[in-house]
Amino acid sequence: MRPAVVLFDLDGTLVDSEPGIAACVAYALERLGVPLPSREALRDWIGPPLRQSFAGVLDADEARIEQTVAAYRERYVESGWRELTVYPGIAEVVAGLQAAGSRLAVVTTKIEDQARRIVAHLPFGAAFAAVYGAPPGTTSGDKTARIARAAAELGAAPADCAMIGDRHFDVAGARANRMTAIGAAWGFGTVEELRAAGADAIAHAPAELPALLTRSPSA
């Protein structure tokens with residue numbers, strides 16, 4: 001049987017948000033005259049909180065970090081949030097899980113109001129019962145509490161839940177809550193990162209998810 005509750009990460013799992021995030025980072029850093037990291041380095045920024053990522057190129061200067069975050073959000077609110085694409089095959093997986101009776105939710109490190117806006121505009125956004133995002137000002141990528149809250153509010157024991165995500169935050173948060181953790185290898189993390197975090201299984205394409213969700217973690 002499939003899990004009663006399936007939790008999805010947003011960036012790198014449901015949607016490829018790299019174009020919008022990269023453009024907003026470039027806009028923000030240019031405003032402060034800071035050189036832009038390489039494209040490969042920027043991919044590592046997708047997942048962790050903005051303040052954590054900006055700190056690495058701004059010498060942890062709190063005032064400059066806040067200026068840069070504000071500039072990022074200026075562009076993001078205007079247009080960046082729309083600059084994304086849905087991963088091929090994800091819509092079919094979401095529809096299949098919903099039809100099979102699983103309750104679905106999104107758990108993300110993105111600020112919650114931004115995440116809600118994005119999910120509401122996805123063609124399958126109505127399939128998600130809830131969106132759990134970060135509060136404004138967050139500096140931690142830890143999802144443990146958000147994942148626990150999602151399971152509790154959706155009325156399922158951890159053993160009856162699964163979390164799907166592309167970064168170690170997703171896997172670590174699921175394991176801390178003793179629920180199945182499935183890595184999404186098509187996202188911004190690496191297979192090595194997901195394995196090191198302790199993923200129960202790794203899907204290399206969305207089409208692999210239904211079979212992995214019906215398999216026990218020890219299988």
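Which residue takes a positive phi just after helix 7? That's Gly-155, at about 75°. This is a predicted model, where local features need pLDDT of at least 70 and side-chain atom pairs count only at pLDDT 80 or more, while totals for chains, interfaces and linings use all residues. Residues are numbered from 1 along each chain as its sequence is written, and side-chain values use heavy atoms, with hydrogens and water left out.

**Helix 7**

- Helix 7 (144-153; helices are DSSP runs of H or I, at least four residues, and strands are E runs of at least two, numbered from the N terminus) has Arg-146, Ile-147, Ala-150 and Ala-151 buried, meaning under 20% relative accessible area with a 1.4 Å probe, protein chains only.
- Down the axis, those buried residues fall within an arc of 135° (taken from the directions from the helix axis to the C-beta atoms), so they line one face of helix 7.
- Ala-145 and Ala-152, on the other side, are exposed, which is over 50% on that scale.
- The buried residues pack against strand 1 (5-8), strand 4, strand 5 (128-134), strand 6 (161-165) and helix 8, with contact taken as heavy atoms within 4.5 Å.

**Second largest cavity**

- A cavity here is a set of points on a 1 Å grid over the protein atoms alone where a 1.4 Å probe fits but cannot get out; lining residues have an atom within 4 Å of a point.
- Strand 4 and helix 8 (168-176) each supply at least two residues of the second largest cavity's lining.
- Among the lining residues are Asp-9, Asp-11, Lys-143, Asp-166 and Arg-167.

Terms used: 1 Å grid on protein atoms, 1.4 Å probe; cavity = no way out; pocket = protein on both sides within 12 Å on 5 of 7 lines; lining within 4 Å.
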